[in-house]
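Please look over the sequence and the model before reading on. The report then turns to pockets and to one sheet.

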Amino acid sequence: MSRRSLLRAGACLALCALSPPGRASPSAVREIRIVAAPTSAPLTGKGEVDVWAYGGQIPGSELRLRQGEPVRIVVENRLEQDTTVHWHGIRLPNAMDGVPGLTQPPIRPGESFVYEFTPPDAGTFWYHPHANSLEQLGRGLAGALIVDEAEPIPVDRDLLWVLADWRIDESGQIWPGFGNMMEAGMSGRVGNTVTLNGAVPADQPVRAGERIRLRLLNSSLARIMALRLEGHDPVIIARDGQPCDPHVIEGGRLLLGPAMRVDLLIDMQGEPGRRYQVTDEFYEGLGYELTGFAYSNELALRTTALDPLRLLPNPLSEPDLANALRHELTLEGGMMSLMMGGGMMHGMRGMSGMGQAVWSINGTSMTGDGHAGMKPLFALEREGSHLITIRNQTRWWHPMHLHGFSFRVLTRNGSSVPHNQWADTVLLAPEDAVEIAFVADNPGDWMLHCHVTDHQMAGLMTVLRV
Ligand code: C2O
Ligand code: CU
Ligand code: CU
């Protein structure tokens with residue numbers, strides 16, 4: 001036995017002696033520490049911007065977990081206010097979901113909370129606070145959480161673009177006016193500066209012929225994106241972390257609302273030495289160049305076309321549509337509301353006193369971030385298959401998110417959604433109706449809300465009980 005392995009054996013003996021027999025040794029669980037604290041970051045390329053961040057960086061430390069491997073994440077709060085962390089898209093026990101009051105007490109300044117879970121699904125996820133969400137997310141608290149497949153897929157590079165939108169004022173700092181009710185009733189706090197991995201985007205260097213997995217995450221408070229990758233034919237291989245049938249982007253325009261993720265497989269088909277634009281053209285008349293693929297002058301890495309590739313499915317339960325129980329969620333409110341003239345604002349029954357409501361779901365409005373005593377809108381029979389129709393009866397777009405589950409997106413405005421798509425956040429255009437379905441196999445009280453954070457805070461939120 002070498003000295004090194006001897007030492008290791010000794011360390012194990014010491015640890016094993018501490019853990020009671022019959023339990024896994026403590027070294028079986030990986031432990032990660034994350035600190036949430038104020039710091040500064042060169043977001044704009046014009047000096048430092050005061051931010052709040054995980055691990056002292058924007059975006060927050062990238063977490064890489066392994067599918068099926070337990071993890072313990074200790075979150076330390078060095079902010080001057082309460083916080084929590086929500087592991088967006090991860091199917092985990094309700095007590096680990098990070099909703100203050102509802103699933104855990106808030107983490108007070110100076111205190112820590114230990115999150116423990118085992119990610120069942122491989123894919124692209126993220127984490128962010130669920131306390132004072134508008135300001136905490138708006139000041140930078142967000143990070144990517146990637147769960148690696150047991151067998152990595154054969155690509156030349158695995159890239160991550162965390163896209164974020166900021167409202168920077170004349171002094172070069174984050175404009176503090178969070179929670180403007182006028183904005184909350186419209187598109188939410190859309191900013192004026194978009195960053196890619198925490199900086200004003202530089203070109204993305206690429207080589208002809210290489211195959212890239214590009215993970216996109218829109219961590220913005222409110223900005224919806226419609227990306228176009230000039231000169232390329234990316235294939236969507238996953239949405240919100242869940243593999244789908246590989247398919248090209250419809251109309252070449254990739255919609256990415258707040259909280260949404262898309263994994264693309266791109267065979268870099270451009271010419272050496274050339275540059276190709278990546279643009280965002282969601283808001284009419286406000287299109288801009290996000291970044292560009294800058295090809296090196298090297299010869300193509302390969303010249304023959306590669307075989308198509310698909311990700312292995314995650315262990316999701318397929319809903320039994322023939323016997324699914326049906327539910328309806330109707331979104332109403334906002335400016336220029338269809339019902340505004342009819343006394344809509346008075347008609348909303350506020351369910352909590354934590355802020356003004358300008359939106360409602362089935363006539364009720366939960367505001368804020370989640371708190372104790374939120375009554376579920378309805379209960380879903382455990383282990384049953386459930387089909388929920390979400391109707392957007394407003395003039396605004398809403399990325400609707402359900403905690404604790406991935407759901408199948410079945411139909412949109414009566415047409416079936418192709419390519420076997422699962423998601424945790426579904427984007428609804430004004431007057432859209434979508435049908436989603438899932439098996440209620442995860443007990444607890446689960447948030448369902450719009451991920452335009454101003455909308456969530458102002459009433460576009462509810463709780464479903466399983
Ligand atoms: Cu990412 Cu309650 O949300
Ligand atoms: Cu979530
Ligand atoms: Cu919304």
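What follows describes two pockets, and then a sheet that shares a strand with one of them.

This is a predicted model, in which local features need pLDDT of at least 70 and side-chain atom pairs count only at pLDDT 80 or more, while totals for chains, interfaces and linings use all residues. Residues are numbered from 1 along each chain as its sequence is written, and side-chain values use heavy atoms, with hydrogens and water left out.

A pocket is, on a 1 Å grid over the protein atoms alone, an open set of points where a 1.4 Å probe fits, with protein on both sides within 12 Å along at least five of seven lines, and its lining residues have an atom within 4 Å of a point. A volume is the space filled by probe spheres set on the points, which are joined across faces, edges and corners.

| Pocket | Volume | Lining residues closest to the centre |
|---|---|---|
| Largest | about 710 Å³ | Arg239, Glu250, Leu255, Arg412 and Gln421 |
| Second largest | about 340 Å³ | Arg211, Ile266, Asp267, Met268 and Gln269 |

Strands are DSSP runs of E with at least two residues, numbered from the N terminus. Strand 30 gives the most to the lining of the largest pocket, with three residues, whereas strand 17 does so for the second largest pocket, also with three residues.

Strand 30 belongs as well to an open, mixed sheet of five strands in the order 24-33-32-26-30, where two strands pair if DSSP finds at least two bridges between them. Strand 24 and strand 30 each have a single partner strand, so one side of each lacks a neighbour in the sheet. Strand 26 pairs with strand 30 in the antiparallel sense over four bridges.

How values were computed:
Chains lettered and ligands numbered in written order.
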